[in-house]
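Thanks for making the time this morning. I would like to walk through one model with you, going strand by strand before stepping back to the chain as a whole.

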Amino acid sequence: MKFLTALLVAAAAVDAHYTFPRLVVNGVAEEKDWSVTRRTKNDQTKQGIENPTSADIRCYSSQTAAGVMKVPAGSTIHYISTQQVNHPGPTQYYLAKAPGSVKNWDGSGAVWFKIATTYPTMDKNKQLTWPAQNLYITANATIPSSTPSGEYLLRVEHIALHMASQPNKAQFYLSCSQVEITGGGNGTPGPLVSLPGAYKSNDPGIQVNLYSLASADSYKPPGPAVWQG
Ligand SMILES: [Cu+2]
């Protein structure tokens, strides 16, 4: 029985991976996969990133994209996922303003600010549920309306925490898209962090036993505070 359980757990871990090839802005998706979203190098394998200090944690990218998508400030966004986002864990969104054209910009430096994260709910059996869990999309987020207009990298990540009680066993699934925020405001986004840099392997939101959390709000997502706009 123990052997069978181990097999089932292993099968679930192998089957369940995903990429986020398409950004959706106010209900309208980018026209085809990887046209403004940078093709990630796990496009075929769907493998997550286990080391949050590796260079891959920024955009997991092997190339830039051809296009730039206009995103009005205040928009609601999400991503289409290639598979069900079935693992437990938060979804977070970051933005980084490009110094010029976003098309060839690598997103290096302390330039990233967080605009959204998700939190679980816990039922009376202590089962956690996460927004958009088991859907073929990521959870919604809003581009703060005071975000200054301009070209940005937009980054989504889903952190799969089902094996995260061991070091370097959280799995990061992520994409970066090239966007132009329009109709923005005069906000001063922050705090600004670099990627890699913002995460350590043993951050309490990364190395965590989800099944021993006392309450849903005892989970602390990794990275900086969300910029409220
Ligand atoms: Cu998996």
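Strand 3 and strand 11 run parallel and are joined by four bridges, and within that pairing Lys70 stands opposite Glu180 of strand 11. I should say at once that this is a predicted model, so please take every value here as computed from it. If you look at strand 3 itself, residues 69-72, you will see that Met69 and Val71 make up a covered face, whereas Lys70 and Pro72 lie on the uncovered one.

Moving along to the other partner of interest, strand 11, which spans residues 171-182, also pairs with strand 10, here in the antiparallel sense and over 11 bridges, with Ile159 standing opposite Phe172 of strand 11. Strand 10 in turn runs antiparallel to strand 5, residues 91-97, and seven bridges join the two; in that pairing Tyr94 is set opposite Arg155 of strand 10.

How many residues of strand 10 are buried? Nine of its 11 residues, 150-160, are buried, so strand 10 is largely enclosed by the rest of the structure.

Now for the chain as a whole, which holds one helix and 11 strands. Its radius of gyration is 17 Å, close to the 17 Å that the globule rule gives for 229 residues, so the chain is as compact as a globular protein of that length. Of those 229 residues, 39% count as buried, and among the contacts with a separation of 6 or more, 79% come from residues 24 or more positions apart.

Notes:
Residues are numbered from 1 along each chain as its sequence is written. This is a predicted model: local features need pLDDT of at least 70, side-chain atom pairs count only at pLDDT 80 or more; totals for chains, interfaces and linings use all residues. A residue is buried if 20 or more other C-beta atoms lie within 10 Å of its own, exposed if 12 or fewer, and partly exposed in between; C-beta atoms are placed from the backbone. Two strands pair if DSSP finds at least two bridges between them. The radius of gyration is taken over C-alpha atoms; the globule rule is 2.2 Å times the number of residues to the power 0.38. Two residues are in contact if their C-beta atoms, placed from the backbone, lie within 7 Å.
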